[in-house]
Amino acid sequence: MFSDELKALRRLGFRHVLLQVLNFVQVLASGFMMWKGLGLITNTESPIVVVLSGSMEPAFYRGDLLFLTNPADQRYATGDITVYKIPGADIPIVHRVLETHDVVAKPDDYVAASPLAQPQLLLTKGDNNPVDDLDLYQGLEWLERRHIIGKVQAFLPYVGYVTIAMNDFPQLKYALLGGLGLLALIQRE
Amino acid sequence: MHTIFSRVNNVSAFLSSCLMSLVLAVAIASALYHTYQTPPAAGVVVNSIKVLPGKGRYLRKYRSRQQQEFAFVNFNLTADLSPLFHWNTKQLFLYVSAEYTDQQGTANEVVIWDRIVRRKEDANISSTFKNKYHLKDMSTTFRNAPPAHYTLKYNLMPYVGLLAWGEAARTSEPIPFPEPHQLA
Amino acid sequence: MSASFKDNLLDLLEGKIDFEGQRQVENIAKFALIAAAVFSFIVGVLFQSLSVTFGIFGVAAFVLLLVVLPPWPMYNRHPVTWLPAKESQPPS
């Protein structure tokens, strides 16, 4: 059954197969590089996120794409939309800052060279939620800078819905993979 | 371009890059528009502030609800934010926040009211409001809190592109917190 | 009979066009898409409506796909004329 394929492979030669593998790895690597480079510029661990819940409707719906930055020289202000992740929670949350308290460290603590090094206490709330997020903080009283992944700077609707659809309907994932495989088989240059 | 499949491939690739440039052009145009437009005219006036004692939220730290003072603010908003509505405005998020820096140097900013405006017709506001969210000091009392400024700010949320923030109005003088009312 | 039917179906699915047709398709697609993008942007600004912009672009793209994808006869008007086959010589 595979004799034809094997013959074709032998005809193409070992170098050709290696070249294919190299191309594939290059595509993966450049994608990863772009992702990490973007993360480096924006100073956030994930510069692009997909909205997973409806708690910011009607601004953000499930599947919308958000672009984040987390500049080290900026403090968060009320009205900023932040993406945060509480240790212990499995998914990041996109909510708006309701309260900020820029605390000055006590004299017996370290003296901070810059006000940015001082702790900032935050409280957030989803636009579509009736109450603030205190109950989501898993016992924390305030959100702090280290919990925050970034601030939403730009918005692109619908594009991220593909990933959500693939999670919601696993058949779609297999159909897509199968289709791609079929194409790869059919297309032989 | 030889077979249907290769034509689909080629045309859809060029189509998606055209669509991306179109989206980018829309985003840049609205960002430029927002940069160069005149700021909207608005005013915020605080009519009265009351401070009442009450019980705060349950906190795991104390395993109880602590005594806590709440400030109740009655304020007047006049704002015409219709210039902020252009072809790429999905909604405006309006919010009023209280700002004060206490004696320990802690800068506080607390949102006490917000509203989502989705239509240009609703962007003309002239009315009296009360705070929607609790205004409370971190020290549980307003006894040592200095006078606070109240500001009206907005967050412009586009259909696509960059979000923009701005301040529409600010109280001219900081307004002191009154002595707490004693509940009988 | 059935074999030729299958061949016809495959041909239809494959939708081959000739070289001149390929060039035509490429030119039409490029021109139409750029023009549609520019036009829809301008009209959208004038009407102050993003739905107008993307509506125009979507309709234009749909029409373009109809024009460009099927192997219309106008893309097959220049069949390749091959050189006449040489007398095959038996390998000596």
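Colleague: What makes helix α1 of chain B and helix α2 of chain C roughly parallel?

Modeller: Look at the axes in this predicted model. Helix α1 covers residues 4-36 of chain B, and helix α2 covers residues 19-47 of chain C. Their axes cross at roughly 20 degrees. Angles under 35 degrees count as roughly parallel. Therefore α1(B) and α2(C) are roughly parallel to each other.

Colleague: How close do the axes of α1(B) and α2(C) come? And which hand does the crossing have, left or right?

Modeller: The axes come within 10 Å. The crossing of α1(B) and α2(C) is right-handed.

Colleague: Which residues make that contact?

Modeller: From α1(B), they include Val11(B), Phe14(B), Leu15(B) and Leu22(B). From α2(C), they include Ala29(C), Leu33(C), Ile34(C) and Phe41(C). By class, the contact of α1(B) with α2(C) has 12 nonpolar, two polar and two charged residues.

Colleague: Now take α1(B) and α3(C). Why are they called roughly antiparallel?

Modeller: Helix α3 spans residues 50-68 of chain C. Its axis and that of α1(B) cross at roughly 165 degrees. Over 145 degrees counts as roughly antiparallel. The pair is therefore roughly antiparallel. The axes come within 12 Å, and this crossing is right-handed.

Colleague: What residues does α1(B) bring to α3(C)?

Modeller: Arg7(B), Val11(B), Leu15(B), Leu22(B) and Val26(B). On the α3(C) side are Leu50(C), Thr53(C), Phe57(C), Ala61(C), Leu65(C) and Val68(C). They divide into nine nonpolar, one polar and one charged.

Colleague: How many residues do chains B and C put into contact in total?

Modeller: 18 residues of chain B touch 24 residues of chain C. The chain B side has 12 nonpolar, five polar and one charged residues.

Colleague: How do you know which parts of chain C are annotated as a transmembrane region?

Modeller: That comes from the UniProt record, an unreviewed entry. It lists residues 28-47 and 54-72 of chain C. In the model, residues 28-47 of chain C are 100% helix and 0% strand. Their end C-alpha atoms are 27 Å apart. Residues 54-72 of chain C are 79% helix and 0% strand, with ends 28 Å apart.

Colleague: Which residues of chain A carry that annotation?

Modeller: Residues 12-35 of chain A, again from an unreviewed UniProt entry. That span is 96% helix and 0% strand. Its end C-alpha atoms lie 34 Å apart.

Colleague: What is the closest C-alpha distance between chains A and C?

Modeller: 12 Å, and no contact joins the two chains. Two pairs of chains touch, and the pair with the most contacts is A and B. There, chain A gives 22 residues and chain B gives 30. The elements of chain A that give two or more residues are β4 (93-102) and β6 (148-156). The chain A side has 12 nonpolar, six polar and four charged residues.

Colleague: What makes β6(A) and β7(B) a strand pair?

Modeller: Count the bridges. Two join β6(A) to β7(B), residues 161-162 of chain B. Two strands pair if there are at least two bridges between them. So these two, joined by two bridges, qualify as a pair. They run antiparallel. Phe155(A) stands opposite Gly161(B).

Colleague: Within chain B, why do β1 and β5 count as edge strands?

Modeller: The open sheet has three strands, in the order β1-β2-β5 of chain B, paired antiparallel. β1 (41-59) and β5 (124-130) each have a single partner strand, so one side of each is left without a neighbour in the sheet. The twist averages 20 degrees from one strand to the next.

Colleague: What joins β2(B) to β5(B)?

Modeller: Seven bridges, in the antiparallel sense. In β5(B), Thr128(B) is the bridge partner of Asn76(B).

Colleague: Which strands pair with β3(B)?

Modeller: One is β6(B), residues 149-158, over 10 bridges, antiparallel. Glu99(B) stands opposite His149(B) there. Another is β4(B), residues 107-117, also antiparallel and joined by 10 bridges. Thr101(B) stands opposite Ala107(B) in β4(B).

Colleague: How many residues lie between the strands in the hairpin of β3(B) and β4(B)?

Modeller: Five, and among that hairpin's residues Gly105(B) takes a positive phi near 95 degrees.

Terms used
Residues numbered from 1 in each chain as written. Chains lettered and ligands numbered in written order. Predicted model: local features only at pLDDT ≥ 70, side-chain atom pairs only at ≥ 80, totals over all residues. Contact = placed C-beta atoms within 7 Å. UniProt positions renumbered as here; feature names shortened; annotations may be inferred. Helix = DSSP H or I, 4+ residues; strand = E, 2+ residues; numbered from the N terminus. Nonpolar A, V, L, I, M, F, W, Y, C, P; charged D, E, K, R; others polar. Axes fitted to C-alpha atoms, helices over the stretch in contact; angles between N-to-C directions. Parallel < 35°, antiparallel > 145°, perpendicular 65-115°, else oblique. Left-handed = near helix turned anticlockwise from the far one by under 90°.
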